[in-house]
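Reader: I am new to this structure and should be grateful for a close look at a single part of it. Please set that part in its surroundings as well.

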Amino acid sequence: MALPNPALTQIPDSYKYGWNDPEATSLNIAQRGLSADIVEGISRFKGEPEWMTKLRLKAYRHFEARPMPQWGADLSGIDFQDIFYYIAPTNKAVQSWDDVPDYIRRTYDRLGIPEAEKKYLAGVGGQYDSEVVYHNIREDLEKQGVIFLGTDEALKTHPEIFREYFGTVIPANDNKLAALNTAVWSGGSFIYVPKGVHVELPLQAYFRINTENMGQFERTLIIADEGSSVHYVEGCTAPTYSTASLHSAVVEIIVKKGARVRYTTIQNWSHNVYNLVTKRAVAYEDAVMEWVDGNLGSKVTMKYPSIYLLGERAHGEVLSIAFAGSEQHQDAGGKVIHAAPNTTSLITSKSISKGTGRTSYRGLVKVYPGCEKSKSTVRCDALILDEEARSDTYPYMEIDEEDVTIGHEATVSKVGSEQLFYLMSRGLSEAEAAAMIVNGFIEPIVKELPMEYAVEMNRLIQLQMEGAVG
Amino acid sequence: MTTATATTLDAEAIGRISDHLDEPDWLREHRAAWWERAGRTPAPTGQEEEWRRTDLAGLPRNGELLVDAPQLIINVPGGLRDGVILTDIRTAVRQHPELVRRFLDARQGQASHAHFWAVAQAAWTGGLFCYVPRGVSVDGTLVARTSLTDASATYLPISLIVADEDSSITLLEEVTSPDGAAGWFGGIVEIQAARGARVRYANLQQLGDGAWNVGAQRVVVGQDAIVTTLNAEVGSKVTKVGLDVQMAGPGGVSKVLGILAAGDDQQIDINTVQDLAADHTTSDLLYLSALYDRAHASFYGVTNVRKGTRQTSSYQECRNLLLSPQAGAEPIPVLEIEANDILRCGHGATAGAIDPTQLFYAQTRGLDHDAAERMIVRGFFEQVVAKIEDETIRGRVLAALAGRIGTSEDLAA
């Protein structure tokens, strides 16, 4: 029997964090649009070394020359000449929470950062617009030699290690949007974990877009040296504006022999943001790389965290969750490239589409010749809540080695009438039952999040499902 | 029999086909319209998602077009009765022009293969026409065999199979050609199953080792019709086939089966579409490949559940057994789901070697490595073979596969 579910079709697409701060728009130093002069100007303003200025200009030429990607989501709404490429709300990074300007603190207060810091954080790098404005790292980490800085600051204070790794995982000419990021990047986090050091608590940073048509181009570089481990957590929310913004980050991660990195993102950009992000990690011998990637907000997201398994026995995991409400398209997934023997990988994707929302899983598993005994499992589940919603699965597999075990499985379902009936027979309303089913559906991923993020994720899902839970 | 030739396919050459076969005006116009359409439908450039894995540069486009088609050898157990027609399509044009004209339709082929569909609709010189009238059940298995004698020729046959309401038929088509030169076999197949019809169709391809098999098939499944298709790809150098399964009427069921056994430098690239466009339709696809030597199999299949459809059920499964370090597979099962009231929807794809413990076990029972491997591959194919209800088809398919995977009798010997 067909399931008419009025409760689910009437969910409003409310956006809880859609406030903006009027004071925050006064500190623009740049203009809309992009040219070689602006790219050079950004580099000069930041006082960067010559090699970075040249790299930015080279990347800008790549960006100019490359066509827009014609696959995946509809990007025709992006006007690159109508975007701010650089804005600095304050001129210097500050160390104490008290020194953070009031209007920025108000925004963060509403996101709950200080409380989270007290309880869980090892350090906070909060990015407000393009500059890192707040940085704090616990003393014991500093003593261990862990570097956790804004990327701009790291370029100044640790130039050798910066230059050794920057742009090595995602070169300037990798794709059009990575080229754009390389040309105009600003902010982001730089993390270096020395050999054998285990960072016990997650390192966190919040990113936020706060100016209309403000492009956010943060650049994150994480190096986990041999035998070390670190968990980095990134979460985003943004004010709602009527015209589109662009967020195009680049994240590069190097996981050396025997090291372990987990990178967790919860993305909740407001529904006018194009979120086009390139994230890639390389994992060497016995290393473990894990991406936990949650996509809830934005108008369009295209993001496929990838892992190159370059050393024997390296292991990669991508856990991806996507929620697309009306007018949203989450085109997300993951890629694993097996380039060494005995490497293993696991991609798990859970996606939910509601209203007229569309989720697409797009992924790649590639095994090069000679990578014997490699194993990969890809599991995609999609839940379609409404008649107008849509879900796609595009799992690419290129297997050029015989002695491997590669599997992919996907299911698409709706909230089953039997499931609803069962829960309602236990006394729940239809709306509560539906919300419970959705929560159960995403549970395998939520349980991998740090606790306050799991709480935040549940809250965000609840918000998205608001109409359903009554 | 003489072979008229045309080295270049153009409007004039298309006209000469009609002249040579002394065709009626409506067919001349049909060909001209399709040729014009072929010109408007660009050939794949290699940039399209479905064409990225097969390089068409080597397609022997300038071979001689076989205007005098090879004889279609038809085997009908018990003879044709009750108005059932199974004949060479040229004969059908002469004897049943109104029926051929009615069913030779003008609908565009599957988007990715539309160019080749149009070319074959314009330039076919042979093929098969099968019609089963309303309510007629054909007993036994009809077999139609084409044996090409010239490996280098271009042959673009059309097979048109129409099962009217509540009829039933089982049909096996086989094609063979000599090894050696590169030729282009561009067969297109259209199966129309009207309301309540039951069609079991198998296509056993054993082309020579130089052949380019670039063709397409369309299956239109009407209300409450049940259609099973099996494509067994054994021969050819390159096989690039589009298979478009349209679940057009409510309650229709399709089973889409495929067996690929490839070795040497064979390349097999299959594009399927399962278009669930009506309520309560069911479409299950299962393709199995065994890949030896440097063989490469690609599978790009799309399940599309159309907006507003209710209670559809579909599955797509593609499994690849890699039997050589140089073999490769790219199974890509795509879902595009635009409705939420679905009964079942999913897909699975695997690629990998034989489980070494299975090989070891078989060897402890006294088999040598190769015999054990052949037995395991036969077991792997059993997933599809067991679904072939018809004994004639099962026997022919197993015989065609024996060159690669032996037979169960080998074990006794």
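Author: The following account begins with the model itself, turns to one helix of chain B, and then proceeds to other parts.

This is a predicted model, in which local features need pLDDT of at least 70 and side-chain atom pairs count only at pLDDT 80 or more, while totals for chains, interfaces and linings use all residues. Residues are numbered from 1 along each chain as its sequence is written, and chains are lettered from A and ligands numbered from 1 in the order in which they are written.

The term pLDDT denotes the predictor's confidence in each residue, from 0 to 100. Chain B has an average pLDDT of 93, and 98% of its residues score at least 70. In residues 1-6 of chain B the pLDDT stays under 50, and the model has 15 contacts for them beyond four places in sequence. Two residues are in contact if their C-beta atoms, placed from the backbone, lie within 7 Å. For the complex, the predictor gives an ipTM of 0.84 and a pTM of 0.85.

The part chosen for the close look is helix H2 of chain B, residues 25-40. Helices (H or I, at least four residues) and strands (E, at least two) are DSSP runs, numbered from the N terminus. The expected span of a helix is 1.5 Å times one less than its number of residues. For the 16 residues of H2(B) this gives 22 Å, which agrees with the 23 Å between its end C-alpha atoms.

A residue is buried if 20 or more other C-beta atoms lie within 10 Å of its own, exposed if 12 or fewer, and partly exposed in between, with C-beta atoms placed from the backbone. In H2(B), the buried residues are B:His30, B:Arg31, B:Trp34, B:Trp35 and B:Ala38. Viewed down the helix axis, these buried residues fall within an arc of 130 degrees, so they line one face of H2(B). The arc is that of the directions from the helix axis to the C-beta atoms. An α-helix has 3.6 residues a turn, so residues three or four places apart point the same way. The buried residues of H2(B) pack against two helices of chain B, H1 (11-20) and H5 (114-123). B:Asp25, B:Glu29 and B:Arg40, on the other side of H2(B), are exposed.

Elsewhere in chain B, B:Gly210 lies in the loop between strand E10 (198-206) and strand E11 (212-221). B:Gly210 counts as partly exposed because it has 19 C-beta neighbours inside 10 Å. Residues up to four places away in sequence aside, B:Gly210 touches several residues, among them B:Ala151, B:Asp179 and B:Lys237. B:Thr239 is 29 residues from B:Gly210 along the chain, and their C-alpha atoms are separated by 11 Å.

The account now turns to where the chains meet. In chain B, 31 residues are in contact with 32 residues of chain A. Strands E19 (328-337) and E20 (342-352) of chain B each supply at least two residues of the side that touches chain A. E19(B) provides the largest share of that side, 10 residues. By class, the side of chain B that touches chain A has 17 nonpolar, 9 polar and 5 charged residues. Here Ala, Val, Leu, Ile, Met, Phe, Trp, Tyr, Cys and Pro count as nonpolar, Asp, Glu, Lys and Arg as charged, and the others, Gly among them, as polar.

E20(B) also pairs with strand E21 of chain A (residues 404-413), in the antiparallel sense and over 7 bridges. Two strands pair if DSSP finds at least two bridges between them. B:His347 in E20(B) is the bridge partner of A:Ala410.

Within chain A, strand E4 (residues 189-193) has 5 of its 5 residues buried, so it is largely enclosed by the rest of the structure. A:Ser189, A:Ile191 and A:Val193 point one way from E4(A), while A:Phe190 and A:Tyr192 point the other way. E4(A) pairs with strand E3 of chain A (residues 147-150) in the antiparallel sense over 4 bridges, and A:Leu149 stands opposite A:Phe190. E4(A) pairs with strand E6 of chain A (residues 219-224) in the parallel sense, over 4 bridges, and A:Ile191 stands opposite A:Ile222.
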